[in-house]
Amino acid sequence: ALCVPSRLASASSIRSCRTMGSSVDASELATAASVPYHFSSAFDSGNGDLVSCTLAECVVKMRAEPFTEADGRAHVQWFHFRITNAFGMPLKVTIANAGRASYPDGWHHYKCFISIDRKHWVRVQSTSYDEVTGQLCVDFGQEKGGVPGQCVHFAYFVPYSNEQHLDLVSRCVSGATACPDVRLLTLGETNDGRPLDCLRFGGGACGGDAFLPETPFAGTSQAARTAVTKLNEHKSEWERTGGAKRVIWVIARQHPGESMASWWMEGFCARLLDSEDPVTKKLLNRCVLYVVPHMNPDGASRGHLRTNAKGANLNREWADPKLSYAPEVFHVRKKMDETGVDLMLDVHGDEAEPYCFIVGGEGTPGWDDERAATQTRFKEKYANANPDFQTVFPLEYGGAPSGNVVTAKTQIAVRYNAVGMTLEMPFTDNIQLAQKNGWTARRSAKLGAAALDAILDVAHRLREC
């Protein structure tokens with residue numbers, strides 16, 4: 001990125017601004033020295049190189065991440081940069097290579113996120129995409145007051161930094177000393193040396209690994225006993241007498257640019273920590289949950305859309321993960337082998353589809369009617385718990401290609417005879433409940449919290465599938 005500190009930029013200050021692979025020639029430096037604003041992407045999850053800048057327009061290109069063999073390309077789509085000292089200017093910010101992005105259809109109806117404090121993010125309604133030029137443009141000349149602050153961050157979706165991830169993990173375990181219902185497991189390290197965090201909810205000394213049926217009623221009357229007997233007629237043997245807790249795995253952000261998955265985890269974990277939530281209380285009595293809030297911290301910090309530090313698309317490495325190439329998958333799958341899996345939910349974002357939806361196990365080798373019925377029930381309960389989720393669209397997503405076992409959901413379905421599902425959220429909006437600010441971090445968190453209802457509803461069906 002090229003820094004432009006002022007109109008009177010010195011030669012030394014201009015030279016110091018060549019960072020992160022940006023390439024600018026002398027004429028561009030001369031132009032840069034004549035504008036008052038400053039561009040940078042040299043921070044956590046930053047992605048963007050300055051191409052040119054004038055008083056009217058700042059042109060940026062997204063940086064490609066490492067080539068990934070599984071996809072046959074170097075992905076480009078995530079961007080995150082800032083512009084300072086342009087307050088009030090009718091500046092046009094153009095991403096020149098949007099047309100060469102991995103999912104160019106995702107720019108249709110897309111609106112860029114900006115923030116002036118890195119806490120509150122809003123969509124810029126003047127965002128437009130030109131299919132002919134392949135440019136994505138954010139035009140502050142069409143926005144009242146021009147550029148809205150002295151320091152404005154731009155991002156594909158609301159960023160979620162590694163610091164925020166560490167804060168989430170600390171919040172989850174900080175109150176767990178008195179009753180270790182929550183335990184932090186470090187499964188291994190990434191290529192960049194970051195810990196791969198896993199949170200276990202519902203096991204340990206307080207909850208144990210056995211499920212004991214909840215107390216059905218107070219008192220000793222025969223009428224009450226008769227009522228309970230009738231209720232039990234509709235319950236499974238496991239619900240009536242207890243047994244081993246069901247093992248649930250929930251993972252997120254295999255694709256690092258899909259930051260809504262981290263926001264989903266905020267809502268999911270917050271509800272699991274709520275000791276007065278009756279759904280949480282019942283769920284943790286019946287299940288042990290292993291939660292990996294961030295599968296790809298290296299890729300996220302590097303500003304990647306799809307890959308880790310080595311260029312691995314983690315969600316194509318589950319059949320035979322290599323420690324040197326995809327340590328994230330290697331370590332998680334190894335732990336799954338120890339615990340077993342009854343249900344796994346893998347949380348993602350979708351660049352083009354304007355819906356929240358699940359892609360399930362259809363097409364996976366050995367997929368059967370019982371697991372299909374459990375999956376259908378999960379989806380129906382999820383839609384009832386949060387109307388942002390729906391079960392019909394997109395019609396073209398039928399499931400996995402026949403024989404596919406390289407993704408998380410397919411490998412889990414085959415390896416553990418379990419229910420494996422991929423949840424997708426939109427980068428644009430849920431068209432069925434559209435709003436001006438589109439799909440947001442807060443809506444992602446609410447969808448995360450609602451997942452507990454669906455998991456609890458199908459827990460009694462698991463392992464019996």
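Strand 3, residues 57–61, and strand 7, residues 92–95, run parallel and are joined by four bridges. By strand I mean a DSSP run of E with at least two residues, and by helix a DSSP run of H or I with at least four, both numbered from the N terminus; two strands pair if DSSP finds at least two bridges between them. Within this pairing, Glu57 has Lys92 of strand 7 as its bridge partner, and Val59 stands opposite Thr94.

I should state that this is a predicted model, in which local features need pLDDT of at least 70, side-chain atom pairs count only at pLDDT 80 or more, and totals for chains, interfaces and linings use all residues. Residues are numbered from 1 along each chain as its sequence is written, and side-chain values use heavy atoms, with hydrogens and water left out.

Let us turn to the other neighbour of strand 3. Strand 2 pairs with strand 3 in the antiparallel sense over four bridges, and Cys53 stands opposite Cys58 there. A hairpin of three residues connects strand 2 to strand 3.

How are the strands ordered in the open sheet? The five strands follow the order 2-3-7-11-10, with mixed pairing. Strand 2 (49–53) and strand 10 (128–130) each have a single partner strand, so one side of each edge strand is left without a neighbour in the sheet.

Finally, I come to a loop. Phe393 lies between helix 11 (369–385) and helix 12 (408–416). Phe393 is partly exposed, with a relative accessible area of 33%; partly exposed falls between buried, under 20%, and exposed, over 50%, with a 1.4 Å probe and protein chains only.
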